[in-house]
Amino acid sequence: MSEMTAQQVHDRVAELGPWFHNMELRGVRTAPDHFLHDYPANKFARFAHVVPEDLSGRSVLDIGCNAGFYSLEMKRRGADRVLGIDFDDRYLDQARLAAEVEDADIEFRKLSVYDLAKLGERFDLVIFMGVLYHLRHPLLALDLIHEHVADDLLLFQSMQRGADDIFEPEIDYAFSETAHFDRPDYPKLHFIEHRYAGDWTNWWAPNASASKAMLRSAGFDLLQRPEEEVFLCRRVDRPTDAAAVYPARPAVNGHDKYTETRR
């Protein structure tokens, strides 16, 4: 158990703010004025029943872990190994503080979803919540999850807009057939060029059919949809030969420009 006093926790929470995960740490609320109130606990309550209550002997990867709410929940369910990754230093600092206060043995690493191959291991449960719509290359992310880290279950959530009904397209259509594209429930991935809700990192808003179709295309079979934005999936063989791509990075004066600028 952490030896931090409630006042010390309060001060650290304030120092690391603002928080997007509203958690209670030693009696201190991290985001008491959250516009979604008790988020993400209030959302998790709507689909917590689909996550195994006993994760003993299992490993969990939390992609885009933010302040670590889901990482902590999986550790409370007895997961042997929990790894949370994010690319935001402040979120990682928040997550490490939360784990310290809760005395939870969780590893947090700074890593992009596009660099999952660097982990070199697979996980029994991969959590991919609230990340897809922030990515420039969302289907690539799902391909990389399938190819490198998912071993069994995937818990997926994305902001969705448009039709909530799921349309099952035919396997093939004649070139002259176009009417299905105009259906509101046809799989659509709405592109946001500028901003949405004041956030320029909101790039995409799939409808429900697109979320399901993208998951299936990447090799994930839908098991349950306990909440309109949440899908519990199982890793299966891909339906086609399509897979993750690995673009070449240009070298400048013999050095990898991408690596040099990211140090």
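# Exercises on a predicted fold

Ring pairs join Phe44, Phe47, Phe69 and Tyr70 into a cluster. The model is predicted, and the exercises below concern its rings, its sheet, its overall dimensions and some backbone details.

## Exercise 1. Aromatic pairs

Determine how many aromatic pairs the structure holds, and classify the pair of Phe156 and Phe231.

Solution. A pair of aromatic rings is described by the distance of the centres and the angle of the planes. Ring centres must lie within 6.5 Å to pair, and by this rule the count comes to 13 aromatic pairs. For Phe156 and Phe231 the distance is 6.2 Å centre to centre, with 55° between the planes. Planes under 30 degrees apart count as stacked and those over 60 as edge-to-face; the pair of Phe156 and Phe231 is therefore tilted. Next, locate the partners: Phe156 belongs to strand β7 (residues 150-157) and Phe231 to strand β11 (residues 230-235), 75 residues apart, and the pair thus links distant parts of the chain. Both Phe156 and Phe231 are buried.

## Exercise 2. A ring pair within a loop

Classify the pair of Phe167 and Tyr186, and decide whether each residue is buried or exposed.

Solution. The centres of Phe167 and Tyr186 are 6.1 Å apart and the planes make 45°, a tilted pair. Phe167 and Tyr186 both lie in the loop between β7 and β8 (189-191), with their positions 19 residues apart in the numbering. Buried means under 20% relative accessible area. Phe167 has 14% and is therefore buried; Tyr186, at 17%, counts as buried as well.

## Exercise 3. Charges over rings

Identify the rings over which the charged ends of Lys110 and Arg136 sit.

Solution. The charged end of Lys110 sits over the ring of Phe87, at 5.2 Å from its centre. For Arg136 the ring is that of Trp203, and the distance from its centre is 4.4 Å.

## Exercise 4. The sheet and its helices

Describe the seven-stranded sheet, name its edge strands, and state which strands helices α5 and α6 lie across.

Solution. Begin with the strand order, which is β5-β4-β3-β6-β7-β11-β10; the sheet is open and its pairing is mixed. The edges are β5 (107-110) and β10 (220-227), each of which pairs on one side only. From one strand to the next, the twist averages 20°.

Turn then to the edge at β10. Five bridges join β10 and β11 in the antiparallel sense, and Phe220 stands opposite Arg235 in β11.

Finally, place the helices. Helix α5 (residues 138-149) lies across β3 (59-63), β6 (123-129), β7, β10 and β11, and runs at about 155° to β7. Helix α6 (residues 208-217) lies across β7, β10 and β11, at about 15° to β11.

## Exercise 5. Overall dimensions

Establish how the radius of gyration of the chain relates to the globule rule.

Solution. The secondary structure comprises seven helices and 13 strands. The radius of gyration is 20 Å, close to the 18 Å that the globule rule gives for 263 residues, so the chain is as compact as a globular protein of that length. Along its principal axes the C-alpha trace spans about 70 × 55 × 40 Å. Buried residues make up 45% of the 263 residues. Among contacts with a separation of 6 or more, 61% come from residues 24 or more positions apart.

## Exercise 6. The surroundings of Tyr133

Find where Tyr133 lies and which residues it is in contact with, leaving aside neighbours within four places in sequence.

Solution. Tyr133 is placed in the loop between β6 and α5. At 13% relative accessibility, Tyr133 counts as buried. Its contacts beyond those neighbours are Ser158, Met159, Thr201, Asn202, Trp203 and Trp204. Ser158 is 25 residues from Tyr133 in sequence, yet the C-alpha to C-alpha distance is 6.4 Å.

## Exercise 7. Backbone details

Locate the cis peptide bonds before Pro18 and Pro40, and compare the accessibility of Asn66 and Asp103.

Solution. Most residues other than glycine have a negative phi, and most peptide bonds are trans. The bond from Gly17 to Pro18 is cis, with omega near 0°; Pro18 lies in the loop between α1 (6-15) and β1 (24-25). Tyr39 and Pro40 are also joined by a cis bond, with omega about 10°, and Pro40 is in the loop between β2 (28-29) and α2 (41-44).

Asn66 has a positive phi of about 55° and is found in the loop between β3 and α3 (69-76). For Asp103, phi is near 55°, and the residue is in the loop between α4 (89-101) and β5. Asn66, at 10% relative accessibility, counts as buried, whereas Asp103 is exposed, with a relative accessible area of 52%.

Key:
Residues numbered from 1 in each chain as written. Predicted model: local features only at pLDDT ≥ 70, side-chain atom pairs only at ≥ 80, totals over all residues. Heavy atoms only, no water. Phe/Tyr/Trp six-rings, centres within 6.5 Å; stacked < 30°, edge-to-face > 60°. Helix = DSSP H or I, 4+ residues; strand = E, 2+ residues; numbered from the N terminus. Buried < 20%, exposed > 50% of the residue type's maximum accessible area, 1.4 Å probe, protein only. Lys NZ or Arg CZ within 6 Å of the ring centre and 35° of its normal. Pairing = 2+ DSSP bridges. Axes fitted to C-alpha atoms, helices over the stretch in contact; angles between N-to-C directions. Contact = heavy atoms within 4.5 Å. Rg over C-alpha atoms; globule rule 2.2 N^0.38 Å.
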